[in-house]
Each structure stands twice: as structure tokens, then as C-alpha cells.
Amino acid sequence: MRLTSSPGWQGLKRYAAVTLPVLLLAACANTETVPPGIEKPAVMVAPKPAAVTVPPQQAELKALIGLQDRLYDVAAPLLVNNALLCRNNARNLLGFTAKTKYSFTAEFIAAANSLGFTDQLQVTGVLAGSGAAKAGLQRGDLLVAIQDKPAPVGADAERQTAMMLGPLVNGRTNIKVTVARNGSNQTLTVPLTRACAFGIELGNTDNVISYADGRRVLISAGMMKFTQSDDELALVIAKEMAHNSLTHASRQRNTATMTGVIDNLIRLRPDTTPLSGAAGVKPFPQQLDASADRLSLFMVARAGYKVDGAPAFWQRLATQYPATVLNGYTAIHPATDFRMSAIQQTVSDIQAKQATGTTIQP
């Protein structure tokens, strides 16, 4: 965002120069008597600059991008440090996200353009600890070329770039990426990073909820606001990652429903009608849910987040949003007491491993 001077600034400087002697005379009037028939000079006050009005859609999009940035930042260590626990979901990744102005729905294209997005893919996030971070890729870089081939631009750039990168990440250790930064091109050699290949999505709803469909994790804006620290947000992200790693959506025969819910909620204007209930999502049996809790806590610890507060966090969530709240988290994770027992035992197991320097894995 570029800040510009007020159009009347030069005039204001001239006005201030003229006004200065008048102000000095006004100061003298406090100690000297003004002769009869001569009016006391008026003190001129410079007008206040007009307030800058941010268009509503730009402000809304900027707020959503801020939530996405925090979500990606917290998710990064979970993805990068848990390839071992993601089982069949670990892949070679570059470790960055990129968007164009067309990455947003039609009504927000103008707002995205005002925030600096164009037809060209712009790096919007770099996973901490990834090859992209180590190579020096930065937020705001514009993708120019991949392996010396021009990077796609325009409305379909994201999909075309994904198709372009797909074959390249197999059998390679690094990929050459050319970016535009500060008016000049730079070519970086980006090492591939073995990481959990789950998409991390923001759900545009205030419902306190999260979902996993086998390949993606969705955390709602409401859930993000409910969490009070990065450690708590990491617990929620890891829980859905664990559901994916343990193939719970398919075992529940719930994959299509979860996918539909996520596809809806990632829109900037989701259909909120299904959110008045459980949106067709089946509650998790206690054994499946507890197994995801256990695996998720190891993921959280391996990523460097604290697990000590996990029992209190999940209990607070269940208390404030009980199973009777059909559009809340506990409605599809109802076995609170059974889960609490598994969570507390797992926290003790992890703390014992940390105390003895033992590898942190189930």
C-alpha cells in the first residue's frame, strides 16, 4: 500500500508560512494592550486533512488475508516437521503459496487489485523451515519462470502452475524459480522439502468449527478467534491433519460431504444455510476421535508447540460449545470425557519423552 501526500500539501505549506507572523503577533497581545480602533488579529488554524476512507470490500479482503497469513504461519511447522507421521500424505513441496487477483471471487477482484494483486502470481506465504524459505523466497515476489519456462499468468494461473510443477517435484532435489523483486529478476534454486501435503484453508464463517476431507484442512474464522494463542490454534490444525493421516473421512464414508462443506466455506460469500445444523457431517466415534487426538498431540510437539494446555483448551471448547450447538465443533466430536482421558495420557507420554530426550513419535 503506497501512502501519498494530500493534494493540498504545497498550498498548506505556503499558508503556514503566511500565518506564522500572525501567530507571533497574537502571542504578544497577551502582554500588550491593543490600541483602540484596531481589531485584534485572528488566529488562523490550518484545516485538518481529510480522513482516508477504505472501501468496505478492500477492508474485508484485507482482514481475511490477515487471518490466512496467521493460519499459514501456524500451520507451517506442523506441515514441515511431520512428514513421518503423515503416512501416505507426505510429498516433496516447494513450500510457498501464490495468488493473482483472480484467486478471489469476481466481486473482490477490484479490491484484490487495489491491494497489489495483478494477473501475475505473487508469493503470499512462505512456509517456515521449507526449501522456499531457505532459498530466500519472499512474500511479494512475482513468479516469472519455473525451470526457465515462463510462469502462467491470468485467471487460470494457479491451476496451470500446479500442473506445471506436478511432474517436476518427482525425482528432483530442487527446482529453479525466477522471481521479480524490487524491479529486477532473481533466480533462486529452491530445495524440495518433504512435508505433509495437506491444503490449509480458511473457512469464512464465524461458526467455531474445523473440518478435514482427506486432503485438506479447514479452520473457520470463528475457530481462529476462539483460540487464544498459536499453541491452541496448532492443536486444532493438527487434529484435522491427524484425521486426514488416519483416513477418517473415508472410513466414515464422509469424504464427499466434508469436501462439499469445505468447498462452500472457502468462498468469500459461503452459503450459510447448511451451517444452521451439522451440514450432513457424521459425528466421529469416540475411538476414531481419540486416536486423532493422540496423533495430533505428537504432531504439535514435533512442531515445537506446547501440549501442556491441550486438556484445558479442549475442555473449554466443549464447555462453551457443547454438542447441543449443532453447528459447533463438539457436535461432530461429542465424546468429550473419553477424549479427555486419551489427551491427558498422551500429554504425559510426550512430556516423559521430552524429559529423557527420546524421539517424539507415537
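These legends accompany several close-up views of a predicted protein model.

**View 1. The whole protein and its building blocks.** Let's start with the full chain: the protein contains 13 helices and 11 strands. Of its 362 residues, 44% are buried. Among contacts with a separation of 6 or more, 69% join residues that are 24 or more positions apart. The accessible surface comes to about 18500 Å², and carbon and sulfur atoms hold 55% of that area.

**View 2. Helix α10, from end to end.** This helix runs over residues 286-302, which makes 17 residues. From its first C-alpha to its last, α10 reaches 25 Å, close to the 24 Å expected at 1.5 Å a residue. After α10 comes Gly304, which has a positive phi, near 90°.

**View 3. What surrounds helix α10.** Because 12 of its 17 residues are buried, α10 is largely enclosed by the rest of the structure. Look for the buried residues along the helix, including Leu288, Leu295, Phe298, Met299 and Val300. Asp289, Asp293 and Ser296 are also among the buried residues of α10. What provides the cover? The cover includes α2 (56-80), α7 (230-245), α8 (248-251), α11 (310-320) and α13.

**View 4. Thr336 in helix α13.** Now zoom in on a single residue: Thr336 belongs to helix α13, which spans residues 336-356. Is Thr336 buried or exposed? Its relative accessibility is 12%, and buried means under 20%, so Thr336 counts as buried. Leaving aside residues up to four places away in sequence, Thr336 touches Gln315, Ala318 and Thr330.

Notes
Residues numbered from 1 in each chain as written. Predicted model: local features only at pLDDT ≥ 70, side-chain atom pairs only at ≥ 80, totals over all residues. Heavy atoms only, no water. Helix = DSSP H or I, 4+ residues; strand = E, 2+ residues; numbered from the N terminus. Buried < 20%, exposed > 50% of the residue type's maximum accessible area, 1.4 Å probe, protein only. Contact = heavy atoms within 4.5 Å. Areas by Shrake-Rupley, 256 points an atom, 1.4 Å probe, with all protein chains shown as cover. Expected span 1.5 Å × (residues − 1).
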